[in-house]
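Let's take a walk through this one together, starting with the overall layout and ending at a couple of individual residues. Keep the viewer open as you read.

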Amino acid sequence: MRRDVRGGQRGDPRRSPGRAGADVPLWSRMGNRAFTTVVQRGLLGDTYRFQVKRARFMSILGSTPEGRHALEVQNEHGITLSWVDGGAASYDGDSRCTLNLNMDAARLAGYFVHEMYHVERKKSGASPDADASPDEQQYVDRMVEEEIEGTVLGFQSRIGQSGPLMPGEEFYRLAYQDAKKQALAGGADAATAEEAARSAARRVVRHLIRPTDGSWPRIAPSTLESYEMYYHRVWRKSHAVRR
Ligand SMILES: [Zn+2]
């Protein structure tokens, strides 16, 4: 997913190295050692908060089948996590996944599941390379399908989670719950109702990413570009087509 969603805690003053100096009492400025100690305390607070978040992130992933599978994929392919200060999540197509450390841990877990689906597709050769794809539309179709499936998996992994939602997720949940309720009311068993719920919710994701009624996609890499536009651009760049 290549979104530009910002976490709510950007500009946290504790992350700003300039601030630590202002907190240092005058006496300690006399010695570098005391100064360093205060700076380190500030950084230690940040490190601690980050460790807590990462532990929660890992435990959420470990609590769902989609999350556990994503962790296996990460492990199997030696994917390094880069924790950064902005954006949401992305996969570089090689061995690095970037995650926003300011984002809610449960929401981040959904992004991680999505990105590890890209990893799985890429590493298994199922994901097309723009360079090696002669047909532009076919490349775009395959990549947009991959985005749809990754988004479904990310949303599905977060069913039952509280806290802030991922963009468009509320529609997935509504469709999922509604279809499940209807199936159960119609006498379906739990497994059949679950299947009906997932397939209704998947149809909703397809519509949110690639609407066929002329509406603007609700799930897109940015407010200016749909996934379809994005992957057309990737293909054209790769084939040096200027249109
Ligand atoms: Zn994606």
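What follows goes from the whole chain to the sheet, then the helices, then two single residues.

A bit of housekeeping before the tour. This is a predicted model, so to speak of local features a pLDDT of at least 70 is needed, side-chain atom pairs count only at pLDDT 80 or more, and totals for chains, interfaces and linings use all residues. Residues are numbered from 1 along each chain as its sequence is written.

The chain's secondary structure comes to 8 helices and 3 strands. Helices here are DSSP runs of H or I with at least four residues, strands are runs of E with at least two, and both are numbered from the N terminus. Going along the sequence, you meet them in the pattern α-α-α-β-β-β-α-α-α-α-α. Of the 243 residues in the chain, 30% are buried; that means 20 or more other C-beta atoms within 10 Å of a residue's own, while 12 or fewer makes it exposed and anything in between partly exposed, with C-beta atoms placed from the backbone. Among contacts with a separation of 6 or more, 59% link residues 24 or more positions apart, a contact being two C-beta atoms, placed from the backbone, within 7 Å.

Now for the sheet. How are the 3 strands ordered? They form an open sheet in the order S1-S3-S2, with mixed pairing. Strands S1 (80-84) and S2 (89-91) sit at the edges with a single partner strand each, so one side of each has no neighbour in the sheet. From one strand to the next, the twist averages 20 degrees. Axes are lines fitted to C-alpha atoms, for helices over the stretch in contact, and angles run from 0 to 180 degrees between N-to-C directions.

Strands of a sheet pair through backbone hydrogen bonds, either parallel or antiparallel. For a pair to count here, DSSP has to find at least two bridges between the strands. S1 and S3 pair in the parallel sense over 5 bridges, and Val84 has Asn100 in S3 as its bridge partner. S2 pairs with S3 (residues 96-100) in the antiparallel sense over 3 bridges, where Ser90 is matched with Thr98 of S3. The hairpin of S2 and S3 has 4 residues between the strands, and Gly93 in that hairpin takes a positive phi near 85 degrees.

On to helix H4 (residues 105-124), which lies across S2 and S3 and runs at about 15 degrees to S2. H4 also packs with H5, at an angle of about 140 degrees and with their axes 8 Å apart. That makes H4 oblique to H5, given that angles under 35 degrees count as roughly parallel, over 145 as roughly antiparallel, 65 to 115 as roughly perpendicular and the rest as oblique. The contact includes Tyr111, His114 and Tyr117 of H4, and Glu149, Leu153 and Phe155 of H5.

Helix H7 (residues 190-209) is worth a longer stop. Its 20 residues should span 28 Å at 1.5 Å a residue, and its end C-alpha atoms are 29 Å apart, which agrees; the expected span is 1.5 Å times one less than the number of residues. Buried residues of H7 include Ala197, Arg202 and Val205. The helix's buried residues pack against H5 (136-157), H6 (169-185) and H8 (227-238). H6 and H7 pack at an angle of about 150 degrees, their axes 7 Å apart. That makes H6 roughly antiparallel to H7. Among the residues that meet there are Phe171, Tyr172 and Tyr176 in H6, and Ala197, Val204 and Leu208 in H7.

Why does Leu208 count as buried? Because 21 other C-beta atoms lie within 10 Å of Leu208. Leaving out residues up to four places away in sequence, Leu208 touches Gly168, Phe171, Pro217, Arg218 and Ile219. Phe171 is 37 residues from Leu208 along the chain, yet their C-alpha atoms are separated by 8.6 Å.

For the last stop, go back to the loop between S1 and S2, where Asp85 is found. Asp85 counts as partly exposed because it has 14 C-beta neighbours inside 10 Å. Asp85 and Met103 are 18 residues apart in sequence and 9.1 Å apart in space, C-alpha to C-alpha.
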